[in-house]
Amino acid sequence: MTPTPGRVRLRRTRATPAMRRLVAETRLHPAELVLPVFVREGLTEPRPITSMPGVVQHTRDSLKQAVAEAAAAGLGGVMLFAIPAVRDAVGSQATEPDGILNLAIADAVAEAGDALVVQADLCLDEFTDHGHCGVLTPTGTVDNDATLVRYADMALAQAAAGAHLVGLSGMMDGQTAVVRDALDDAGHQDVAVLAYAAKYASAFYGPFREAVESQLEGDRRTYQMDPANRREAAREIAIDIAEGADVVMVKPAMSYLDVLADVAAASTVPVAAYQVSGEYAMIEAAAANGWIERRRAILESVLSIRRAGADHVLTYYATELAGWLAEETR
Ligand code: PBG
């Protein structure tokens with residue numbers, strides 16, 4: 001007897017592009033994409049980042065252009081990272097009004113502040129000469145509570161520069177509450193706080209270290225999460241929401257889709273995910289070798305991050321991907 005599948009044939013809804021489009025459960029939209037960008041003080045030309053082919057350290061001028069393109073592509077936002085010319089133990093340039101990050105925020109707001117959300121990385125690692133995300137105790141460990149004082153000042157500098165949203169990526173305990181209070185006390189009630197709530201100590205940040213010329217020796221395991229832990233992410237998220245986070249993030253994305261799905265199910269605020277530098281680099285390297293189809297792999301990777309539960313995605317592909325979405329009917 002020939003085996004038959006009976007009445008149920010799942011292939012019916014896969015048979016044509018139109019049918020697949022009708023039943024697709026997840027769709028990508030430019031408004032759900034955020035482009036991370038790097039700006040470096042003192043550059044006269046954009047400088048390529050070797051481990052992230054196609055991504056550069058911008059000059060202030062080329063950054064403005066990238067922000068304008070992001071706005072024209074309909075992106076939801078840009079996330080700014082900056083590399084200062086001079087670093088010190090406390091990351092002084094992070095809080096100087098004319099520090100490179102604060103200048104770049106003002107540039108981005110002037111360029112496209114009505115069209116997208118200008119977001120800024122709020123962390124000290126780009127600004128310290130030791131490369132840690134906070135200030136150190138005399139014995140060299142990261143001093144949580146002394147760092148919070150710096151973060152509060154940094155938030156005020158970024159808000160004064162016009163940032164719409166500050167992205168707390170340092171993984172210090174209490175950072176969301178301290179920054180929220182500092183902003184509110186200074187009259188910046190409208191500046192939103194994105195908490196990198198579940199940020200793991202990941203090898204996939206490797207290329208980012210080149211992008212920001214990180215001075216770090218060692219690792220960040222005393223403050224970022226252990227990749228072994230899933231349940232712990234729920235605590236991070238609950239605390240950040242209780243402390244006033246407007247958005248919570250899971251980072252990296254692709255190796256943490258289980259965490260992302262948990263967070264999406266439990267969160268009462270929007271959930272972001274960050275497709276980080278190493279995820280980008282892996283796709284680029286494999287595609288350059290002809291081992292995977294670049295465009296399909298990029299679309300699939302970002303789609304899967306959305307499917308797992310991210311409301312929006314930070315990805316170095318944001319502008320390019322938005323261009324493809326405009327071409328497709330999906
Ligand atoms: C810290 C920060 C890092 C990234 C974003 N913010 C590096 C780290 O925690 O070591 C990584 C982003 C990426 O890899 O794309 N300011």
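This is a short working chat about the ligand site and two backbone features of a predicted model.

Reader: What should I keep in mind about the model and its numbering?
Author: Residues are numbered from 1 along each chain as its sequence is written, and side-chain values use heavy atoms, with hydrogens and water left out. Because the model is predicted, local features need pLDDT of at least 70 and side-chain atom pairs count only at pLDDT 80 or more, while totals for chains, interfaces and linings use all residues.

Reader: How many residues surround the ligand, and which are the closest?
Author: The ligand is surrounded by 18 residues (each with a heavy atom within 4 Å of it), and the closest are Lys199, Arg209, Lys251, Ser277 and Tyr316.

Reader: Which atom of the ligand does Tyr316 approach?
Author: A polar side-chain atom of Tyr316 lies 2.6 Å from an oxygen atom of the ligand, and one of Ser277 lies 2.7 Å from an oxygen atom. For Asp121, a polar side-chain atom is 3.0 Å from a nitrogen atom of the ligand. Taken alone, the ligand exposes 400 Å² (Shrake-Rupley method, 1.4 Å probe), and the protein buries 100% of that.

Reader: Where does the ligand sit?
Author: The ligand sits in the largest cavity, with more than half of its atoms within 2 Å of the grid points. A cavity here is a set of points on a 1 Å grid over the protein atoms alone, where a 1.4 Å probe fits but cannot get out.

Reader: And how much space lies in that largest cavity?
Author: About 140 Å³, and among the residues that line the cavity (an atom within 4 Å of a point), those closest to its centre include Asp125, Tyr205 and Phe208.

Reader: Switching to the backbone, which peptide bond is cis?
Author: The bond from Lys251 to Pro252 is cis, with omega near -10°, and Pro252 is found in the loop between β8 (247–251) and α8 (257–266).

Reader: What about the phi of Met171?
Author: Met171 is not a glycine, yet has a positive phi of about 60°; this residue lies in the loop between β6 (165–168) and α5 (175–185).

Technical notes. A polar contact is a pair of N or O atoms within 3.5 Å; within protein, one must be able to donate a hydrogen and the other to accept it, and residues adjacent in sequence count only if both atoms are side-chain atoms. On a 1 Å grid over the protein atoms alone, a cavity is a set of points where a 1.4 Å probe fits but cannot get out, and a pocket is an open set with protein on both sides within 12 Å along at least five of seven lines; lining residues have an atom within 4 Å of a point. Grid points are joined across faces, edges and corners, and a volume is the space filled by probe spheres set on the points. Helices (H or I, at least four residues) and strands (E, at least two) are DSSP runs, numbered from the N terminus.
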